[in-house]
Amino acid sequence: MNVERKKVVTHSPAETRQLAAELLRELRPGAVLALHGDLGAGKTCFVQGLAAALGVHQAVSSPTFVLIHEYPGTPPLYHADLYRIRDADDALGLGIEEYFKSDGITVIEWAERAAELLPPDTWHLTFEVGADLTERTITIECPNLNRNS
Ligand SMILES: Nc1ncnc2c1ncn2[C@@H]1O[C@H](COP(=O)(O)OP(=O)(O)OP(=O)(O)O)[C@@H](O)[C@H]1O
Ligand SMILES: [Mg+2]
């Protein structure tokens, strides 16, 4: 997959997980992915696909209470969900910028809550519910495009 800005339509959770596994091949260690989209749009499903492709054996769910989960993979996966924070100051309190400096893959649901903290080379993925219950449109913006714009 060679993306700058790309729209993909998936028709099942399995297809969304597969998309994550394909995108992973494009990511360098240290990549940061910001996931946008409403409740139930498929963000956590996508993270489950990343985790499986990284060889994570634990079950992946939204990190509702601790806000950031760390999974030992190759490279490690850091999964944050900022739904419950108010603003970037709260995210700083979580030490989120330490993850941005790491060599792991950092993926953040509701990343817009901490928009100003995101590195300039963050990938942005937007999840939208489609015409039927299992259709999702996922817009992928890769950092090369962001740098040029
Ligand atoms: N094509 C699809 N891709 C992903 N999920 C799908 C798809 N079709 C149906 N679903 C269902 O939609 C739901 C997506 O839930 P998920 O927890 O991934 O959403 P989310 O975006 O993380 O929401 P939240 O903001 O509440 O964390 C799941 O129940 C999943 O089974
Ligand atoms: Mg979620």
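**Exercise 1. Polar contacts of the ligand**

Task: Which backbone atom type of Thr 134 lies 3.0 Å from ligand 1, and which atom of the ligand does it face? Work in this predicted model, then list further polar contacts.

Solution.
- Step 1. Start at Thr 134. A backbone N or O atom of this residue is 3.0 Å from a nitrogen atom of ligand 1.
- Step 2. Apply the cut-off. A polar contact is a pair of N or O atoms within 3.5 Å. The Thr 134 pair, at 3.0 Å, therefore qualifies.
- Step 3. Move to Arg 136. An N or O atom in the side chain of Arg 136 sits 2.9 Å from an oxygen atom of ligand 1.
- Step 4. Add Cys 45. Here a polar backbone atom is 2.9 Å from an oxygen atom of the ligand.
- Step 5. Check the cover. Ligand 1 taken alone exposes 650 Å², and the protein buries 73% of that.

**Exercise 2. The shell around the ligand**

Task: How many residues surround ligand 1, and which element gives the most to the shell?

Solution.
- Step 1. Count the shell. There are 20 residues around ligand 1. Thr 16, Gly 40, Lys 43, Thr 44 and Cys 45 are the closest.
- Step 2. Sort by class. The shell holds six nonpolar, nine polar and five charged residues.
- Step 3. Assign to elements. α2 gives the most, with three residues.

**Exercise 3. The sheet and its helices**

Task: What is the strand order of the open sheet, and which strands are at its edges?

Solution.
- Step 1. Read the order. The sheet has seven strands, in the order β1-β7-β6-β2-β5-β4-β3. Its pairing is mixed.
- Step 2. Find the edges. β1 (5–10) and β3 (68–71) each pair on one side only.
- Step 3. Take the twist. From one strand to the next it averages 20 degrees.
- Step 4. Test a parallel pair. β4 (residues 77–81) and β5 (residues 105–109) pair in the parallel sense over five bridges. Asp 81 has Glu 109 of β5 as its bridge partner.
- Step 5. Test an antiparallel pair. β3 and β4 pair in that sense over four bridges. Ile 68 is bridged to Ala 80 in β4.
- Step 6. Recall the principle. Strands of a sheet pair through backbone hydrogen bonds, either parallel or antiparallel.
- Step 7. Place the helices. α1 lies across β1, β2 (32–37), β5, β6 (123–129) and β7 (136–141). Its direction is about 150 degrees to β1. α2 lies across β2, β4, β5 and β6, and runs at about 150 degrees to β2.

**Exercise 4. Backbone geometry in two loops**

Task: Where is Pro 75 found, and is the peptide bond from Thr 74 to Pro 75 cis or trans? Where is the place of Trp 110?

Solution.
- Step 1. Locate Pro 75. This residue is in the loop between β3 and β4. A hairpin joins these two strands through five residues.
- Step 2. Read omega. The peptide bond from Thr 74 to Pro 75 has omega near -5 degrees and is cis.
- Step 3. Locate Trp 110. This residue is in the loop between β5 and β6.
- Step 4. Read phi. Trp 110 is not a glycine, yet its phi is positive, about 55 degrees.

Notes. Residues numbered from 1 in each chain as written. Chains lettered and ligands numbered in written order. Predicted model: local features only at pLDDT ≥ 70, side-chain atom pairs only at ≥ 80, totals over all residues. Heavy atoms only, no water. Near = heavy atom within 4 Å. Polar contact = N/O pair within 3.5 Å; in protein donor to acceptor, adjacent residues only side chain to side chain. Areas by Shrake-Rupley, 256 points an atom, 1.4 Å probe, with all protein chains shown as cover. Nonpolar A, V, L, I, M, F, W, Y, C, P; charged D, E, K, R; others polar. Pairing = 2+ DSSP bridges. Axes fitted to C-alpha atoms, helices over the stretch in contact; angles between N-to-C directions. Contact = heavy atoms within 4.5 Å.
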